[in-house]
Amino acid sequence: MSRMKTLCAMESLVEGVPQVNFVICPAVIDDCDQIFELVQEYYSEYGIPSSRQLNKDTFRRDGFESQNPSFQCFIAKTRKEEDVIIGFVLWFRPFENTTGQRVFLEALYVSKPYRQKHVEHALFEKTIQIY
């Protein structure tokens with residue numbers, strides 16, 4: 001069996017990784033605190049240097065309170081009585097675009113307990129469907 005085949009997320013799903021009931025939706029300002037907690041997990045897990053990290057106030061202002069936000073965000077949240085945000089994707093469009101529509105993916109992150117359960121794929125698919 002090749003190394004590529006052993007790392008395939010779909011293979012893991014077939015082997016019985018339990019599914020999770022979730023929904024993908026655009027983030028709103030009320031989601032900002034929960035998203036920022038996941039952003040901190042992302043920074044920690046991927047070793048993002050502090051010089052490249054946004055603080056909470058900047059994250060809120062630039063993404064949620066601005067008339068022209070620096071980024072857009074979709075979230076994955078569980079479908080339970082109390083919604084828990086389990087993942088996010090941050091993306092933006094370039095300011096000048098001479099080659100057609102483009103979307104740049106800044107970050108895609110799903111909390112460890114929810115990985116390999118189609119959440120990453122659903123966030124990515126939602127992002128590329130915005131054309």
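Q: Before I get going, what do buried, partly exposed and exposed stand for here?
A: Buried is under 20% relative accessible area, exposed is over 50%, and partly exposed is anything in between (1.4 Å probe, protein chains only).

Q: Thanks! And what kind of model is this?
A: A predicted one, where local features need pLDDT of at least 70 and side-chain atom pairs count only at pLDDT 80 or more, while totals for chains, interfaces and linings use all residues. Residues are numbered from 1 along each chain as its sequence is written, and side-chain values use heavy atoms, with hydrogens and water left out.

Q: Okay, the fold. How many helices and strands does the chain have?
A: There are 5 helices and 4 strands. Both are DSSP runs numbered from the N terminus: H or I over at least four residues for a helix, E over at least two for a strand.

Q: In which pattern do they come along the sequence?
A: Reading along the chain, you get α-α-β-α-α-β-β-β-α.

Q: And what share of the chain is buried?
A: Of the 131 residues in the chain, 32% are buried.

Q: Let's switch to charges. How many salt bridges are there in the whole structure?
A: A search of the whole structure turns up 5. To qualify, a side-chain nitrogen of Lys or Arg has to sit within 4 Å of a carboxyl oxygen of Asp or Glu.

Q: Which residue does Arg60 pair with?
A: Asp33, with their side chains meeting at 3.0 Å, N to O. That pair links distant parts of the chain: Arg60 belongs to helix α4 and Asp33 to helix α3, 27 residues apart.

Q: Why does Arg60 count as partly exposed?
A: Because its relative accessible area is 22%.

Q: What about its partner, Asp33?
A: Asp33 counts as partly exposed too, at 35% relative accessibility.

Q: Next one along, then. What does Arg61 bind through a salt bridge?
A: Arg61 forms one with Asp62, and the closest N and O atoms are 3.1 Å apart. Arg61 itself is partly exposed, since its relative accessibility is 44%.

Q: I also spotted Lys77. Which residue does its side chain meet?
A: Asp83, in a salt bridge of 3.5 Å, N to O.

Q: Is Lys77 buried or exposed?
A: Lys77 is buried, because its relative accessible area comes to 18%. Asp83, on the other side of the bridge, is partly exposed at 36%.

Q: Which residues are joined into one network by salt bridges that share partners?
A: Asp33, Lys56 and Arg60. So two of the names there are ones you have already met: Arg60 and Asp33, the salt-bridged pair.

Q: New topic: where is Gln116?
A: Gln116 lies in the loop between β4 and α5. With a relative accessibility of 32%, Gln116 counts as partly exposed.

Q: How far is Gln116 from Val20?
A: In sequence they are 96 residues apart, while in space their C-alpha atoms are 10.0 Å apart.

Q: Last one. Which helix holds Phe124?
A: Helix α5, which covers residues 119–128.

Q: And how accessible is Phe124?
A: Phe124 has a relative accessible area of 38%, so this aromatic residue is classed as partly exposed.
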